[in-house]
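Trainee: I should like to go through the sheets of this model and the loop that follows one of them. May we begin with the structure itself?

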Amino acid sequence: MIKRIICLAMLLTMLLTSSTMLLSCGSDEEVVSLSSWYVNQDDKKKEYNLFIGFLNKDDKYISTEVDVDIKIVNIKQEEVYTTTKHLTKDDFGEHKEKNENNNRTVLLAKIIIPYSDIAPGKSNYGAFELTVHKDKENSFDEIKCSISSLPIKETVLNIEGLPLEFEIPNNYYGTSENKKSVFRITEIKCDPSFSSINASVTVSKVSGENADYYPLKTIGYKVFDNSGNLMNEGSFYVENLKEITVGGSKDFEAYLSVNKEIVPGETYTLRIFEE
């Protein structure tokens, strides 16, 4: 599926009154303005397609030779992509003009930017920044268009406290024999997001008879940043432990609130303990 991100840049006032735009390719054409431009995000081909067009003094779309400085900067002000594309008349073709009012076929240049050429950063939000140079004396002002789904760096989450072993009475109300079962948290798989951690907690049963009921078990946690500062603390529950037999295991979903931004590329520590 192609996600369309549409941005209209009007650098000079243009009055478009005709319902049909003429296409002109003459070598003596002079570019006077940058027309509407847009970006297609093609997840199937894993690339961005940047379309850009130019108008002459008669408001006709034309092909031309220009240099386009392209940068992608995320909201953390990291420059994750930069290049200069030299466009020739051969780079122009008939493409759909995308904006709120029109869906016409006009003369546009197409620039392909593979996802693999973009460096991972600390945010998946950012913007294309373009500057178009006709020659040394003439250039258009820088224009921007917001985008999302930029590649991000991997977040490192170290887990402390594993394996964590705990006991639970076989009968919630107790028995004369005071029998207990022993369980162990052996693994936690985490998916950190903006301000929370979605965790898959693996619990195995070490010993004990099967019981009809076990009470909820509360597990405490603390999250620390790379400097050792406490970001948040709380607890999560493991339940339905009666479904686990000795030697078996079960995965539980846990939502761990952090309350502060988890920045891609940074290192964090999750510490768990029995409450």
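The questions and answers below concern two sheets and one loop residue.

Mentor: This is a predicted model, in which local features need pLDDT of at least 70 and side-chain atom pairs count only at pLDDT 80 or more, while totals for chains, interfaces and linings use all residues. Residues are numbered from 1 along each chain as its sequence is written, and side-chain values use heavy atoms, with hydrogens and water left out.

Trainee: Which are the edge strands of the open sheet β7-β6-β10-β11?

Mentor: Strands are DSSP runs of E, at least two residues long, numbered from the N terminus. Two of them pair if DSSP finds at least two bridges between them. The pairing in this sheet of 4 strands is antiparallel. The strands that pair on one side only are β7 (79-87) and β11 (143-147).

Trainee: Which residue in β10 stands opposite V73?

Mentor: Strand β6 (residues 66-74) pairs with strand β10 (residues 126-133) in the antiparallel sense, over 8 bridges. Opposite V73 in β10 stands A127.

Trainee: Is S149 buried, partly exposed or exposed?

Mentor: S149 lies in the loop between β11 and β12 (156-160). Buried means under 20% relative accessible area and exposed over 50%, with partly exposed in between (1.4 Å probe, protein chains only). Because its relative accessibility is 38%, S149 is partly exposed.

Trainee: What is the bridge partner of G220 in β19?

Mentor: Another open sheet of 4 strands has the order β12-β19-β16-β17, with mixed pairing. Within it, β16 (residues 217-224) and β19 (residues 267-274) pair in the antiparallel sense over 6 bridges. The partner of G220 is F273.
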